[in-house]
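User: I am new to this structure and would like a close look at one strand and its surroundings. Please set it against the whole chain before going into detail.

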Amino acid sequence: MQASRATVYLFTALSLTPLAIFILFGFYLNSDIYFQIDTLALCCFVFCLLVLFNYCKRFVFTAFVICALTSLTIFASASREYLDFYGLYISFESLKLYRELFLAIKNFNSTPALLFILFICAIGVTLHKTLFKKLHRFSWQKGILSFLIPFMIGLFLISIHTTRNDTNELLNLTNDGKKDVELENPLMYFFRSTPIALWLFPESKDSAAENKAKVTAKALRKNTLVALPEEYSSQNFSQLILNYPGLEYKNSNVNPLAFYPSTPLTLNLPNKKNIILVVLESSRFKELSKEITPNLLEIAKESFWFTNNYATSRATIKSEQAILCSSIDGNLLTPFARSEGVYRGKCLPHILKKHGYTTSWFHGNTKEFYNREVFHPSLGFDNIYSKESFERDGYSDAQDIGWGVPDPILYDTALNYFDQQSSPFFAEILTLSNHQPFNWDYKEFEFPTHLKELDDDIYNNYQRSLYYADVALGKFWRKLKQKAFYRQSLIVITGDHGVPFYPKDTVSPIDKFEVLFKVPMLIHVPNSSPRQIDTARSHLDIAPTLLSLLNISEENSFLGRPLIGSKSNDEKRPIFLMNMDSYGFIYGATKCFPKADMCSRGANCLNEKRFSCAIDSSEDVKAIEQSLHLMKYLKLKTLAAFTE
C-alpha cells in the first residue's frame with residue numbers, strides 16, 4: 001500500500017510539469033478559469049500515460065518522461081513565437097509547414113528552452129537512479145482504475161471548456177477572437193484541431209457549405225463545371241468588379257472575374273522595357289523616416305510614390321502571389337503554396353514570357369522554404385536563384401546574416417545577372433536580411449549613433465535591421481542607375497508585409513492592425529514626372545499596372561486594376577487584409593478590421609461577426625455586404641488551385 005501511494009504521488013507530481021512549462025513560457029500570465037480547466041485536463045491525460053508506461057521497463061518509462069517533457073518544452077517555445085508573431089497558436093493545419101518551422105527554429109533564441117531541456121534530462125537521469133527504482137507496478141485492477149478516473153475527469157473538463165463561447169455569449173462577454181486564443185492552453189488548442197478531436201466533436205467538422213465548395217472546386221479543376229452555383233454568382237459582388245480599360249468583361253458562368261482584350265493581341269511590341277521588382281522583407285510604411293530609411297525616401301522622390309498602399313497578407317509567399325498574380329490566397333492558416341503547390345492561373349511572369357521576356361527570381365533563403373521550388377515555376381519563373389545557387393557559386397554559410405544571404409550580396413548577384421541579359425527580362429529580388437527576430441550580427445557594418453545597440457527590445461532591433469536593409473537598397477540603386485539597361489527598365493519597390501512589433505504606447509489597438517498591412521510602394525519610370533498618390537491601393541494592383549505601362553492587353557482574372565499607364569483606373573477598389581485567423585476589408589476610406597471596435601472613435605460604424613467597420617459613405621455598406629460573397633468566391637478559387 002505504501003509503495004502504491006508513493007507511485008501515485010510521483011505520477012501526480014510528474015503530471016503537473018506541463019503546468020510548470022506553460023508558466024515558464026508566459027502562457028499563464030493572462031490565463032482565465034478556462035485555461036486552468038484545460039491545463040488540469042492535460043495533467044489528467046499525462047497521468048493516464050504515466051500509468052500506461054508504468055507497465056514498461058524502467059528505462060522505457062524514464063525515456064518516455066524525458067522525451068515527453070522535452071517535446072512539450074519545444075512545442076511551448078515554438079507556440080510562444082507563433083503567438084507573438086501571428087496572434088494564434090500552432091494548429092494541426094500548421095503542421096503542413098513543418099519544414100518551414102524546422103528551418104526557422106535555428107534563427108530564434110532558444111536558450112531558455114535548451115536550458116530547461118538540459119534541466120529535464122538531468123532531473124530525469126536522477127529520478128531514474130533514485131525514485132524510479134522504487135516504482136510500484138499497479139495490479140491490473142488498480143491500473144485500470146488509476147487510468148479511468150483521471151481519464152474521465154479529463155474528458156469532463158474538456159466538455160466544460162467547450163462551453164466557453166456559449167458562456168461568453170450568455171453573459172454578454174466580449175468575444176475577442178485573439179484574446180480567446182491567447183487564453184487557450186496551446187497544446188489543448190492543437191489537440192482540438194486534430195482529426196481525432198474533429199471526430200469527437202462533430203460540431204467542429206466542415207459544414208455542408210464547405211463540403212459543397214470542395215465538390216465545386218474539384219469540378220472547376222477538371223473543367224467539367226457548366227456554371228457556378230448561385231452563391232458564387234458575380235451578381236453577389238458585382239459592385240466590387242471594377243471597370244478594366246482596354247479589356248472587356250464577359251461575366252463568364254465559371255469565372256466571374258475574367259476580362260478579355262477588346263482589340264487583337266499584339267506580341268511584337270516595340271521597345272520592351274525590363275521590369276525589376278524589389279520586395280523588401282518586413283518593411284512597414286510606419287517606420288519610413290530620414291533616420292531609418294533615407295535611401296528609400298530619396299528613391300520615392302523620383303518615382304510614383306503610393307503612400308496608402310497595403311499588403312494583402314502577413315506571409316511573404318502569399319504577398320508574392322498577390323503581387324505577381326493579382327489574386328488572394330483564401331487559405332488563412334497554411335499558404336496555398338505549401339498546401340497545393342501548383343498555381344493554375346495566369347500571372348505576370350506567365351504573360352511576360354509570352355511576350356519574349358526571360359523571368360527570374362532571386363532570394364537568399366533556400367528554395368524549399370514555402371515550396372518555392374515547385375510554386376514559383378508554376379507562376380511562370382524560368383530561373384530560380386536561391387541559397388542553393390549561391391552555394392554552388394562558392395558562397396559560404398559563414399557569410400550569412402540572419403536567415404541567409406545578406407542583401408548586398410543578393411543585389412550584386414542580381415545586377416551581374418542583368419548585365420548578361422540581351423533580351424527583355426523580368427526579375428523579382430526578394431530581400432531577406434530584415435527578418436525577425438532582427439538580432440543579427442551585421443559583421444563590420446557601422447550603425448549611426450541614433451540607433452541603439454543590439455538589445456532585448458525587438459522593436460529597437462527592428463529599426464536597426466531596417467536601416468541595414470535600406471543602406472543595401474541605396475547602394476543597389478546607385479549601381480543600377482549606372483547600368484546601360486536602367487533607362488529601359490521599370491522598377492517596383494514594395495514591402496512584403498509588416499511585423500507585430502511597435503514602439504511602446506504609441507500605437508492604438510485599432511491602428512496596430514492597419515500598421516501590420518500598410519507597406520511602402522513605389523514605381524519608378526525613368527524620364528517620367530514623379531507623383532505622390534494617396535488613395536488606398538494594394539499589392540493586387542502591381543501586376544495590372546506593369547502590363548498597363550507596357551501597353552500589354554492580355555486575358556486575365558486579376559482582382560487589382562492599373563494605377564498608372566495607358567489603362568489606369570482610379571476607382572476605389574476592394575482591399576482584403578488576410579490575417580492568420582481573420583481578415584480586414586478596405587474600400588476607399590471605409591475600413592473594416594477584425595478584433596476591433598471602430599465605433600469607439602465616434603464615426604459612422606457597423607459591427608458584425610467578421611469585423612467592425614468605420615463607414616465613410618453609406619454607399620459603402622453594400623460593398624461590405626458584397627465583400628462576404630467575394631471572399632467566399634476567393635476561397636473557392638483557392639480550393640480550385642486558381643484554375644481559369
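**Strand β9 in its setting**

Analyst: Of the 644 residues in the protein, buried residues make up 54%. The model is a predicted one. It holds 23 helices and 17 strands.

The overall dimensions come next. The C-alpha trace of the protein spans about 95 × 60 × 50 Å along its principal axes. For 644 residues, a compact globule would have a radius of gyration near 26 Å, and the protein has 27 Å, so the two agree. Its accessible surface comes to about 28,500 Å², and 57% of that belongs to carbon and sulfur atoms. As for charge, there are 67 positive and 64 negative side chains, with the centres of the two sets 5 Å apart. Taking contacts between residues at least 6 apart in sequence, 73% join residues at least 24 apart.

The strand to look at is β9, which runs over residues 489–495. Is β9 mostly covered or mostly open? It is mostly covered, with 7 of its 7 residues buried. The cover is found on both faces of β9. One side carries S489, I491, I493 and G495, the other carries L490, V492 and T494, and each of these residues is buried.

Which strands pair with β9? One partner is β3, residues 274–280, which pairs with β9 in the parallel sense over 7 bridges. Within this pairing, S489 of β9 is the bridge partner of N274. Another partner is β10, residues 521–524, and here the sense is antiparallel, over 4 bridges. In that pairing, I491 of β9 stands opposite H524 of β10. β9 thus has a parallel pairing with β3 and an antiparallel pairing with β10. Two of the residues named in these pairings belong to the covered faces: S489 and I491 are on one side of β9, and both are buried.

A loop residue gives a second place to look. S139 lies in the loop between α6 (111–129) and α7 (140–161). Is S139 buried, partly exposed or exposed? Its relative accessibility is 32%, so S139 counts as partly exposed; the class covers values between the 20% limit for buried and the 50% limit for exposed. S139 and Y55 are 84 residues apart in sequence, while their C-alpha atoms are 9.7 Å apart in space.

To return to the strand: β9 has 7 of its 7 residues buried, whereas S139 in its loop is partly exposed.

Note on methods. Residues are numbered from 1 along each chain as its sequence is written. This is a predicted model: local features need pLDDT of at least 70, side-chain atom pairs count only at pLDDT 80 or more; totals for chains, interfaces and linings use all residues. Side-chain values use heavy atoms; hydrogens and water are left out. Buried means under 20% relative accessible area, exposed over 50%, partly exposed in between (1.4 Å probe, protein chains only). Two strands pair if DSSP finds at least two bridges between them. The radius of gyration is taken over C-alpha atoms; the globule rule is 2.2 Å times the number of residues to the power 0.38. Contact means heavy atoms within 4.5 Å. Accessible areas come from the Shrake-Rupley method with a 1.4 Å probe; for residues, only the protein chains shown count as cover. Lys and Arg count as positive and Asp and Glu as negative; His and the chain ends are not counted. The place of a charge is taken as NZ of Lys, CZ of Arg, CG of Asp or CD of Glu.
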